[in-house]
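Me: Could you take one part of this model and go through it closely, in connected prose that I can follow with the structure open beside me? I would like to know what that part is made of and what surrounds it.

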Amino acid sequence: MTAPLHETSAGESTATVVAAPDAPGTPDKSGGSAKAIEGRSPWKIAWTRLKRDKLALAGAFVVLFLVLVALFAPVIVGLLGHPPDEFHEDQIDPLFGTPIGSWGGVSSEFLFGVEPVNGRDVFSRIVYGTRISLLVAVAAAVFAVVLGTVLGIVAGYFGGWIDAALSRVMDVMLAFPQLLFTIALVSVLPNSLLGLDGSGVRIAALIVVIGFFGWPYVGRIVRGQTLSLRNREYVEAAQSLGAGRIYILRRELLPNLIAPITVYATLMIPTNILTEAALSFLGAGVKPPTASWGQMLSTAITTYEADPLFMVIPGLAIFITVLAFNLFGDGVRDALDPKGSR
Amino acid sequence: MEPLLKVTGLKKHFPIKKGLLQRQTGAVKAVDGIDFEVLPGETLGVVGESGCGKSTMGRLITRLLEPTDGRVEFQGKDISHLGVSGMRPFRRDIQMIFQDPYGSLNPRHTVGTIVSAPFKLQGVEPEGGVKKEVQRLLGLVGLNPEHYNRYPHEFSGGQRQRIGIARALALKPKLVVADEPVSALDVSIQAQVVNLLDDLQQELGLTYVIIAHDLSVIRHVSDRIAVMYLGKIVELADRKSLYENPMHPYTRALMSAVPIPDPRRRGAKSDRILLTGDVPSPIAPPPGCRFHTRCWKATDLCKTQEPPLVELRPGQRVACHHPENAELLTIPGARESVEITKAETKPEAKAEAEAKAEVETPASANADADADAPTEGGDAPKA
């Protein structure tokens with residue numbers, strides 16, 4: 001009877017090993033050497049994973065670079081370019097209205113060339129355009145996330161008629177023709193509002209409109225997550241300790257919603273950049289002379305045969321920015337996903 | 001003795017709503033009229049198949065759910081319809097241990113945050129500060145107090161369940177309701193957690209209501225046992241009576257389903273009762289006795305008249321028209337209240353003498369066997 005004996009001893013030894021960390025007062029082996037046992041929070045684990053993802057890191061660096069460009073736009077332009085609204089008619093062929101220099105007038109003085117007809121510095125306008133793009137995209141994303149989170153969590157947690165009403169509102173919002181609405185809205189906007197000048201009003205309108213049409217997407221995700229989280233036993237545990245609804249929403253549910261919300265927000269920013277560009281392209285964005293990438297693309301249409309670079313440069317700016325945010329957002333999602341294999 | 005918890009006519013019906021207007025078309029009768037009481041210091045085990053309403057019952061007495069009907073009294077005070085704030089002072093005394101050690105701890109909180117939540121929510125400042133008290137509790141349940149800053153995912157299932165137990169004990173409750181406390185754990189860990197619960201009961205003078213479907217766990221921990229079937233208690237008895245002389249056919253069937261660990265004893269005397277058919281839907285429970293659809297003793301009476309839960313022997317309440325071991329009835333009047341099927345009845349005097357002998361022998365034999373079980377009260381509540 002060797003086999004059963006062997007089996008018994010093996011079983012016993014496994015039990016001891018399993019039991020050891022459970023036993024009272026047994027010093028923890030892994031933490032024994034280090035004095036304080038520090039827990040690895042889910043965020044720390046996500047950060048370690050993100051650091052291993054090369055593509056996401058590259059995206060993050062580009063995003064960081066763009067943020068710096070936006071923040072220090074006046075400095076950068078002061079060092080490397082000309083004021084964005086300054087006309088340089090000497091750089092323009094008076095006959096055709098195109099830049100005199102080859103490749104759209106690219107030179108050491110005008111890094112990205114000059115704009116056809118009026119000769120403004122494309123580099124400066126791209127740099128200032130970064131500000132508009134990022135500001136509108138990020139602010140609209142924040143707006144959408146805050147609104148979507150609050151309404152989504154309320155719908156999911158309270159359920160019943162509140163949920164039914166909010167869900168229908170979200171359905172209506174998602175079916176709404178956002179682009180047409182925005183174009184119509186912008187055309188009736190006054191030139192100044194609440195102390196903002198023409199461009200300021202347009203930017204504020206863009207943020208509010210893009211954000212307002214973005215919240216149902218966040219709201220639906222948050223509602224679904226809340227629905228699945230509110231029946232977890234830890235919510236019941238908090239209830240059995242006497243927790244009220246607000247405590248449960250804030251302390252038990254919200255921390256578990258941060259991850260999906262973060263992922264959605266980082267993936268929403270590139271979409272917002274594209275929306276802003278599209279609206280500016282259609283003339284519903286910021287007002288000239290304020291520079292924006294979409295608006296530059298739209299200006300370039302008339303001269304793209306003679307000066308293709310003027311169209312390529314803002315296009316590239318949009319492309320690189322959107323790609324970087326997407327790579328970064330994908331990386332964040334993979335890092336926060338507990339089932340991620342990477 | 002004044003019961004710590006008294007439940008009378010407790011019902012929970014979950015409405016089924018359909019259509020655009022959310023009209024109620026029916027109800028899941030999860031718990032449908034149960035009565036029992038829990039005495040201070042005892043352990044009441046609740047067994048039953050999945051879906052029989054035992055978890056709902058646990059959530060009703062901890063007031064995570066509001067009863068549809070009936071009363072829950074804790075220390076003589078009616079708590080059946082108190083709101084969140086009205087219930088808060090009672091939460092200190094009534095605590096719950098949950099089934100799923102992975103679901104009952106918030107993955108985004110550290111162990112320290114989880115175990116200190118009771119103090120925060122109840123506004124209690126323990127002696128020596130919250131952190132010290134939490135570390136003492138972690139030590140009490142056999143965890144390393146230094147794991148204070150760790151997250152739940154860094155622990156094994158058994159360790160997580162200990163964290164849940166530490167949280168439940170933080171406010172020094174009087175009554176602890178444990179909903180399947182070990183069913184999600186490995187068998188080797190189950191024993192550890194069950195023994196921990198036993199030790200803590202001794203140490204802190206706790207009263208337990210332990211809900212489980214595992215008969216061996218229930219047998220080990222309980223003083224009294226309630227057997228539930230389809231939202232009703234069919235039998236409520238002290239442990240010894242229930243395991244030795246189950247009177248409800250359903251209890252007998254459950255008992256016979258316990259696997260025999262010794263292969264040599266297996267098959268020697270196969271008196272296993274196999275129930276046929278499924279548990280009926282709690283949306284439309286069968287009329288009369290709910291068990292009649294699967295009972296081998298069912299008669300026409302069972303199909304029409306619901307048997308009340310009456311005390312047929314001291315400390316043994318049964319809801320059945322044709323109880324098993326009916327010859328053991330000793331309470332006068334109890335015999336009249338049940339109809340004993342003729343075929344089952346043996347010559348009475350002989351049967352009774354036999355029965356007495358039977359009761360005597362296992363009792364003395366069990367005294368030794370149970371000596372190591374700390375919760376063995378042995379004394380069923382006197383009728």
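Reply: What follows is a close look at one helix of chain B, and then at the surroundings into which that helix leads.

The model is a predicted one, and the part chosen is helix α3 of chain B, which spans residues 111-122. Which residues of this helix are buried? They are B:V111, B:I114, B:V115, B:S116, B:A117, B:P118 and B:L121. An α-helix has 3.6 residues a turn, so residues three or four places apart point the same way. The cover over the buried residues of α3(B) comes from both chains, for it includes α11 (233-240) of chain A as well as α4 (130-140) and α5 (157-169) of chain B. Just past the end of α3(B), B:G123 adopts a positive phi of about 65°.

One of the buried residues of the helix leads on to the interior. The largest nonpolar core has 92 residues, and B:V115 is among those that touch the most other members, together with B:L137, B:A166, B:V209, B:A226, B:V227 and B:I233. Because domain 1 (5-18 + 26-222) and domain 2 (228-259 + 270-368) of chain B both contribute residues to this core, it lies between them. For B:V209, leaving aside residues up to four places away in sequence, the residues touched are B:V38, B:L44, B:V46, B:G58, B:I61, B:L175 and B:V177. A second core, separate from this one, holds 67 residues, including A:V263, A:V286, A:L297 and A:F328.

The two domains of chain B also meet through a set of contacts, in which 22 residues of domain 1 face 16 residues of domain 2. On the domain 1 side, at least two residues each are supplied by β2, β3 (43-47) and α7 (215-221) of chain B, and β2(B) gives the most, with 10 residues. By class, that side of domain 1 has 9 nonpolar, 7 polar and 6 charged residues.

Strand β2(B) belongs in turn to an open sheet of 4 strands, which are ordered β2-β1-β4-β5 in chain B with antiparallel pairing. Its edge strands are β2 (23-38) and β5 (77-78) of chain B, each of which pairs on one side only. At the β5(B) edge, 2 bridges join that strand to the antiparallel strand β4 (residues 69-74) of chain B, and B:E73 stands opposite B:D78 in β5(B).

It remains to follow the cover of α3(B) into the other chain, since α11 of chain A is included in that cover. Between the chains, 30 residues of chain A are in contact with 35 residues of chain B. The elements giving two or more residues to the chain A side are α1 (2-19), α11 and α12 (245-281) of chain A, and α11(A) provides the largest share, with 7 residues. That side of chain A divides into 14 nonpolar, 8 polar and 8 charged residues.

As for chain A itself, its secondary structure consists of 14 helices and 0 strands. Buried residues account for 39% of its 342 residues. Among contacts in chain A with a separation of 6 or more, 71% join residues 24 or more positions apart.

Key. Residues are numbered from 1 along each chain as its sequence is written. Chains are lettered from A and ligands numbered from 1 in the order in which they are written. This is a predicted model: local features need pLDDT of at least 70, side-chain atom pairs count only at pLDDT 80 or more; totals for chains, interfaces and linings use all residues. A residue is buried if 20 or more other C-beta atoms lie within 10 Å of its own, exposed if 12 or fewer, and partly exposed in between; C-beta atoms are placed from the backbone. Two residues are in contact if their C-beta atoms, placed from the backbone, lie within 7 Å. Ala, Val, Leu, Ile, Met, Phe, Trp, Tyr, Cys and Pro count as nonpolar, Asp, Glu, Lys and Arg as charged, and the others, Gly among them, as polar. A nonpolar core is a set of buried Ala, Val, Leu, Ile, Met, Phe, Trp, Tyr and Cys residues joined through C-beta atoms within 7 Å. Domain bounds come from an automatic or database domain assignment. Two strands pair if DSSP finds at least two bridges between them.
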